[in-house]
Amino acid sequence: MTLNSVVETDFPEEFVEEMEKSQDVLPKKIDANPENVEKGLAKLVLTLIELIRKLLEKQAMRRVEAGSLSEEEIERVGETLMKLENKMEELKQIFGLEDKELNLNLGPLGDLM
Amino acid sequence: MKLYLYGIIDSSDQVKDSIYGLEGACVYNIPYCDIGAVVSEFTESVQTKTKGSVLAHEQVVERLMEHFTVLPVRFHTVLDGRDGVLSLMQSYYKDFRDNLDRLRNKVEFGIKVIWPSDKIKEQIINTYKEGNKKVLISSDSPNKRFIRKKFERYVINEEFQKRANKYIKVMDIFFSKFAAEKKTEKLKTENLLMDAVYLVEKDKERNFREAFEHVKSARPDFKYLFSGPWPAYNFVILPKNSDLLKDSKQEDLFDKVVQHQELVGAEKI
């Protein structure tokens, strides 16, 4: 049995590895069922908080890049972002979640983050 | 009698060649208006993918492609007899017809590119250290040191994304020249720079392949995977509530190919 279609590469193992990695990253659905409903919900909520935190961080970096923050403002933004990051770390530990789990596949729209 | 569906074709005529599908069953066309559903009788209750069954499915679709425009159907689509098939055709006739018209004489090619992400990052970090983009933030407090670190990472990541966009844009110019439609994804992993599928008219297959070879020789430090010609798995557009046909299922396609690499030679997967 032969196929007309071919797949050509000099690096088959590397492509298989990368494709597997890309599929491992995200679940297609939120894993919420009676046994792990708490973790499932925590994951969803923390994913949304993480999204907002990253947006805030990006906005702050843009302002730093533009030079539009005073020394005092940098100090305050730094404190806020650091506290937010530490709090997220605590919450992730409590619910046994890792960074790579805090994301969602939005189908045709791609990944949330 | 259950019927195993391979694909929808743009003809109500019977399949002239003898084609054998899953379980060695004879493949035939069930006509509906001016299109048809290609099926074979099916008895097996086991639903797992096996090497033989996946290959048999793909082989039937490829044989059909020699004579017809084919909308390939998801592996292991089993319908409830002739009535089930006709009911499906009735429900989706317009969508099938539209897709068949759009995909006539076109095939799909897949291109994946791995770039040396570590080296690229290293270059970016070195450039950053040289100070071109440095923003002066004093380090007299933990808060400011935190922001400085974050900013460094931000600048490096932005530049990384910018370079990825640039490379993809350049490669895509060459491929798009001979493609009717495309779907490209950037950086699915840090190494996988581009994962793309292109819909190419059959008479431009050769040009498309040449464009690929050209890109490949222009950037020999990148790694490439070229696959095809495939049925247009990734370009069939159906209503959202239908899970019948493959749409954006390149991973499945890829899995299928990887599973059967030995059939297409040691240098290919």
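This report describes a predicted model, taking chain A, the domains of chain B and the nonpolar cores in turn.

## Chain A

Chain A contains 3 helices and 1 strand, and, read from the N terminus, these elements follow the order β-α-α-α. Of the 113 residues in chain A, 13% are buried. When contacts with a separation of 6 or more are considered, 62% of those in chain A join residues that stand 24 or more positions apart.

## The two domains of chain B

Chain B is divided into domain 1, covering residues 2-104, and domain 2, covering residues 108-235, and the C-alpha centres of these domains of chain B lie 37 Å apart. Where they meet, 5 residues of domain 1 of chain B are in contact with 4 residues of domain 2 of chain B. On the domain 1 side of this meeting in chain B, helix H1 (51-65) and strand S4 (70-79) each supply at least two residues, and the residues of that side are 5 nonpolar, with no polar and no charged ones.

## The nonpolar cores

The largest nonpolar core holds 58 residues, among which Tyr6(B), Leu64(B), Tyr198(B) and Phe208(B) touch the most other members. Strand S7 of chain B (residues 192-201) gives this core its largest share, 7 residues. Because domain 1 and domain 2 of chain B both give residues to this core, it lies between them.

Leaving aside residues up to four places away in sequence, Tyr198(B) touches Phe109(B), Ile111(B), Phe175(B), Ala179(B), Lys182(B) and Phe208(B). A second, separate core has 6 residues, including Met61(A), Val64(A) and Val77(A) from chain A and Ile147(B) from chain B.

Notes: Residues numbered from 1 in each chain as written. Chains lettered and ligands numbered in written order. Predicted model: local features only at pLDDT ≥ 70, side-chain atom pairs only at ≥ 80, totals over all residues. Helix = DSSP H or I, 4+ residues; strand = E, 2+ residues; numbered from the N terminus. Buried ≥ 20, exposed ≤ 12 C-beta atoms within 10 Å, placed from the backbone. Contact = placed C-beta atoms within 7 Å. Core = buried A, V, L, I, M, F, W, Y, C linked by C-beta atoms within 7 Å. Domains from an automatic or database assignment. Nonpolar A, V, L, I, M, F, W, Y, C, P; charged D, E, K, R; others polar.
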